[in-house]
Amino acid sequence: MERLVVTRHKGTRALLIESGLVRTKTPVLEHATADQVRGKHVFGVLPLDLAALAGAVTVLGLKLTQDEVKADLPVEVLRTRVTGCATYQVEAGPVEAPDLAFGFAPEMAEAVGKHFPAVPVKSGALKPEDIEGKVVAGSIPLELAIYARGVLAPVLNQRPEDRGKKLSAQELAERMCFDQQYQVRKVADHGYLF
């Protein structure tokens with residue numbers, strides 16, 4: 001299967017090469033489209049709709065602060081933050097009513113909750129036991145999504161004027177839709193490679 005790295009971070013690419021998961025000549029994209037990931041083994045974080053098109057998605061588990069997530073950290077720092085590495089497959093499935101609405105940030109949790117007012121809303125960190133066997137509406141990382149029965153991932157239809165702007169919960173809710181549910185399964189656990 002053809003390999004592709006999707007990341008904005010040079011340190012992450014260097015770490016993937018150092019681990020032997022990808023070669024120096026593996027193509028790298030900062031952002032990917034459906035056509036670019038379709039059927040490929042993608043290394044990097046993808047929204048679930050794109051992950052479902054990929055043949056497989058390999059993700060480095062990294063323990064980072066909120067500020068570090070956005071930063072381009074050097075490989076020397078990333079090496080100390082790796083918690084593991086795993087490969088996942090994502091499939092689209094039938095849509096079910098959610099059992100839980102989730103958003104890491106409070107305004108995202110509130111926005112998701114506006115779409116599903118009859119279910120509990122949670123923000124902040126999730127644990128496997130929070131979502132075990134449930135259908136979760138919201139964006140959750142693949143390493144947690146494997147515990148859910150399904151994930152209704154929001155699609156955020158941003159407007160050009162939204163770029164770089166912090167949107168309110170109401171603005172987020174107005175721009176988001178939930179039209180597909182996904183099932184995630186882990187197909188390989190690469191453990192701690194570094």
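This is a guided tour of a predicted model, stop by stop, with something to select at each one.

**Stop 1: helix α1**

Start by selecting residues 10–19, which make up helix α1. Which residues of this helix are buried? Colour Gly11, Thr12, Leu15 and Leu16, and you have them. Now look along the helix axis: these residues lie on the same side of α1, because they cover an arc of only 140° around that axis.

Next, bring up what covers them. The cover includes the strands β1 (3–6), β3 (41–43), β4 (56–62) and β5 (82–93), along with helix α5 (75–79). Before you leave, click on Gly20, which follows α1 and has a positive phi, near 90°.

**Stop 2: from α1 across to α5**

Stay with α1 and show the side chain of Glu18, then add Arg79. The two form a salt bridge, with their closest N and O atoms 2.8 Å apart. Arg79 belongs to helix α5 and Glu18 to helix α1, so this pair links parts of the chain that are 61 residues apart. Are these two residues buried or partly exposed? Arg79 has 29% relative accessibility and counts as partly exposed; Glu18, at 42%, is also partly exposed.

**Stop 3: more salt bridges**

How many salt bridges are there? The count comes to eleven, and a few of them deserve a closer look.

Select Lys40 and Glu2, whose side chains meet in a salt bridge at 3.8 Å, N to O. Lys40 sits in the loop between α2 (34–37) and β3, while Glu2 is in the segment before β1, so the pair ties together parts 38 residues apart in sequence. Lys40 counts as buried, with a relative accessibility of 18%.

Then show Arg38 together with Asp35: their side chains form another salt bridge, 2.7 Å from N to O. Here Arg38 is partly exposed, with a relative accessible area of 45%, whereas Asp35 is exposed at 63%. Finally, select Glu96, Asp99 and Arg149, which salt bridges with shared partners join into one network.

**Stop 4: Thr87 in strand β5**

Move to strand β5 and pick out Thr87. Thr87 counts as buried, at 4% relative accessibility. Which side chain does the Thr87 side chain meet in a polar contact? Show Thr58 to see the partner, at 2.5 Å. To fill in the surroundings, leave aside residues within four places in sequence and select the other contacts of Thr87: they include His41, Ala56 and Val57, as well as Arg185, Lys186, Val187, Ala188 and His190.

**Stop 5: Val184 in strand β12**

Now go to strand β12, residues 181–189, and select Val184. Val184 is buried too, with 9% relative accessibility. Not counting residues up to four places away in sequence, Val184 touches Leu48, Tyr88, Gln89, Val90, Leu142, Ala145 and Ile146. Try a distance label as well: the C-alpha atoms of Val184 and Tyr147 lie 8.3 Å apart, although 37 residues separate the two in sequence.

**Stop 6: the nonpolar cores**

Which members of the largest nonpolar core touch the most other members? Select Leu46, Leu48, Ile131, Ile140 and Leu142, out of 29 residues in that core. The elements that each give two or more residues to this core are β1, α3 (48–51), β4, β5, β6, α8 (142–145) and β12. Zoom in on Leu46 and, leaving aside neighbours within four places in sequence, you will find Val6, Val37, Ala51 and Val57 in contact with Leu46. Another core, of 13 residues, lies apart from the largest one; Val112, Ala137, Leu152 and Ala173 are among its members.

**Stop 7: helix α6 and an aromatic pair**

Val112 brings you to helix α6, residues 106–115, whose buried residues are Ala109, Ala111, Val112 and Gly113. Show β6 (100–103), β7 (121–123), β8 (135–137), α9 (169–175) and β11 (176–177) to see what these buried residues pack against.

For the last selection, take Phe116 and Phe178. There is one aromatic pair in the count, and these two rings form it edge-to-face, 5.0 Å centre to centre with 75° between the planes. Phe116 is in the loop between α6 and β7 and Phe178 in the loop between β11 and β12, 62 residues apart. Both residues, Phe116 and Phe178, are buried.

Definitions and conventions: Residues are numbered from 1 along each chain as its sequence is written. This is a predicted model: local features need pLDDT of at least 70, side-chain atom pairs count only at pLDDT 80 or more; totals for chains, interfaces and linings use all residues. Side-chain values use heavy atoms; hydrogens and water are left out. Buried means under 20% relative accessible area, exposed over 50%, partly exposed in between (1.4 Å probe, protein chains only). Helices (H or I, at least four residues) and strands (E, at least two) are DSSP runs, numbered from the N terminus. The arc is that of the directions from the helix axis to the C-beta atoms. Contact means heavy atoms within 4.5 Å. A polar contact is a pair of N or O atoms within 3.5 Å; within protein, one must be able to donate a hydrogen and the other to accept it, and residues adjacent in sequence count only if both atoms are side-chain atoms. A nonpolar core is a set of buried Ala, Val, Leu, Ile, Met, Phe, Trp, Tyr and Cys residues joined through side-chain atoms within 4.5 Å. A salt bridge is a side-chain nitrogen of Lys or Arg within 4 Å of a carboxyl oxygen of Asp or Glu. Rings of Phe, Tyr and Trp (its six-membered ring) pair if their centres lie within 6.5 Å; planes under 30 degrees apart count as stacked, over 60 as edge-to-face and the rest as tilted.
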